[in-house]
Every structure is written in C-alpha cells, then in structure tokens.
Amino acid sequence: MSYSIVTGWYADNKARDYRVLGDDFVRSVECFDIWYHCIRSFTSPSNILIVDSASPARPRLPDDPRISWVSLKRNYGHAVQGHSALSGWSRALLLGLSYGYANGDHYTLLVEQGTLFHGKDIIERQIADHPEADIIAPSGSGTPQPLQTGILIFRSAIIPKFVENYTRVASADDALSPEKKVALAGNGMKIAFSNLLFGRRRPLDLSADHFFLRHGTLAELHAFTARLGFGADLLPALTHQLVRLVENIDLFL
C-alpha cells in the first residue's frame, strides 16, 4: 500500500486582512520545518508534492528526493476572499489529487499547510480502520463544518470522479466552504469519518498517542513541540514570529 502526500503553500509574513484562527506561526516559513518533521517521523509517503500559490516567502526544502515543488502563476487567495471561484486551497487539492493518481499510488493524502500531528503510522491506522472507504476525513463534530480537511485520505481510484464532481460545483469557495464542497463532491462515494482526535476541536489532550492539531495558539504550539521533544529549541523561532506579526499588525493599522 503506497500513498502520496500533497499540500498547498502560501506565506508572506504579513498580517491577514481577513479573520484567521490560531497563531500566525502556523502560516509561516518556520512552521514548515515542524510540518516536515511530522511527515518524516510519522508517515511513509512515496512522494510529497507542495503546490505553491506564488508565495513571496518559501521554506528551505530538506534534501528529500520524494519532494516536488510546483508553483501556480498567481495567488488565488483564501476561500473567504473571493478572488476566484476556486481558491488556492481548492486548486492545490485538485492538482495534488491528480498528481497522486498519475503516480499510481493506492491513496493520495492532503495534509494541509500548518497541520501538525503526532503518532506513528497515523495514516496506516486510519486506512486499516476503514478499508472499504473511498474518502477518510476527520469528523466535523465540534466545528462549523461537516468534516475537517486537515488530513484527508482519498483512494486514488476514485480521484477522477471526485475531481469531476468538485469542479462541477457551481458555487464559489467564498459562498460554499471547501469542507462542504468535499462532502458534496464525495456524494455517492464511501466517505468514512475517522475518530482521529482534535484538529480544530478543543480541548486538546496532547498526551494522546495519535492526534492532529489545526489553528494552534502560541501556547498550544509550545506544548505540541515540547511533546515532539524540541520545544525549547523552537522557542526563539516562535517568539521571533510573534514579534514580526505584531510589527506587521502595527503597520497594517
């Protein structure tokens, strides 16, 4: 059983002009190193694709032959901004799924930028728990959405139909959330809601064996990196990012 991991990327070290959740560190270049640490420590992908939305700030990529980087010609924006019917998130999903399908992997996974997670074989366990599923998504219980998109697992065989369904949804991303579009595009397919803990749900219990974290606050990020065993080493980066964010907010105001 093989799988590709895909993710979108955008970072500009500026304050957002729309509502965001969690500390801005999760949208920073510095957070990429933690994201990759999670990928390297807890998953075994055959390929890793990063879809960049013409970002002015890019991370330093590790020396990993599995990683491919592709850049879109412009930034299509966050779903709520309405810059395009398909936001940068949707375009990264569609391109990434097509990449996994073309690679011939059994599964293709979206692991969002800023999604941090813990637990050996975290992907393999979900697939083993739902062997007949076409799409495995964390439950949206406790969130405003029907499912969570931080870690999405797709059986590659259904990707052509899913992509067709997704692109046929008439509503723009700012009118119908990507979470709802994923659920709608998966209509008629076997969707399993995994019991993977947390994501956007609170409270957190970072002593759990397997979980993922979305929209972490500064305190939650410190606690998470401490769980990984390098919280103290990350403290300067987190503090630097916080100071830079405050400076940018002052300029924005």
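A residue is called buried when its relative accessible area is under 20%, exposed when that area is over 50%, and partly exposed in between, as computed with a 1.4 Å probe on protein chains only. The model is a predicted one, in which local features need pLDDT of at least 70 and side-chain atom pairs count only at pLDDT 80 or more, while totals for chains, interfaces and linings use all residues. Residues are numbered from 1 along each chain as its sequence is written, and side-chain values use heavy atoms, with hydrogens and water left out.

Helices (H or I, at least four residues) and strands (E, at least two residues) are taken as DSSP runs and numbered from the N terminus. Strand S6, residues 135–138, is a useful place to begin. Both of its faces are covered, since Ile135 and Ala137 on one side, and Ile136 and Pro138 on the other, are all buried. Two strands are said to pair if DSSP finds at least two bridges between them. By that criterion S6 pairs with S7 in the antiparallel sense over two bridges, and Ile135 has Phe154 of S7 as its bridge partner. S6 also pairs with strand S8, residues 191–194, in the parallel sense over four bridges, and here Ile136 stands opposite Ala192.

The loop between S6 and strand S7 (151–155) holds Gln145, which counts as buried at 17% relative accessibility. Leaving aside residues up to four places away in sequence, Gln145 touches Gly140, Ser177, Glu179, Lys180 and Arg200, where contact means heavy atoms within 4.5 Å.

Some loops carry backbone features that deserve attention. Arg202 and Pro203 are joined by a cis peptide bond with omega of about 10 degrees, and Pro203 is placed in the loop between strand S9 (197–199) and strand S10 (211–213). In the loop that runs between S10 and helix H6 (218–228) lies His215, which has a positive phi of about 55 degrees although it is not a glycine; His215 is partly exposed, at 21% relative accessibility. Asp121, likewise not a glycine, has a positive phi of about 60 degrees. Asp121 is found in the loop between strand S5 (116–118) and helix H3 (122–129), and its relative accessible area of 36% makes it partly exposed.

Turning to charged side chains, those of opposite charge can pair when their charged atoms come close. A salt bridge is counted when a side-chain nitrogen of Lys or Arg is within 4 Å of a carboxyl oxygen of Asp or Glu, and the count by this rule comes to nine. In one of these, Arg58 meets Asp52 with the closest N and O atoms 3.3 Å apart; Arg58 is partly exposed at 47% relative accessibility, whereas Asp52 is buried at 0%.

Which residue forms a salt bridge with Lys181? The partner is Asp173, at 2.6 Å from N to O, and burial applies on either side of the pair, with a relative accessible area of 1% for Lys181 and 3% for Asp173. Elsewhere, salt bridges that share partners join Lys161, Glu164 and Arg168 into one network. Within this network, Glu164 and Arg168 meet at 3.6 Å, N to O, and both lie in helix H4 (residues 159–168), four residues apart, about one turn of the helix. Glu164 is partly exposed at 37% relative accessibility, while Arg168 counts as exposed at 62%.
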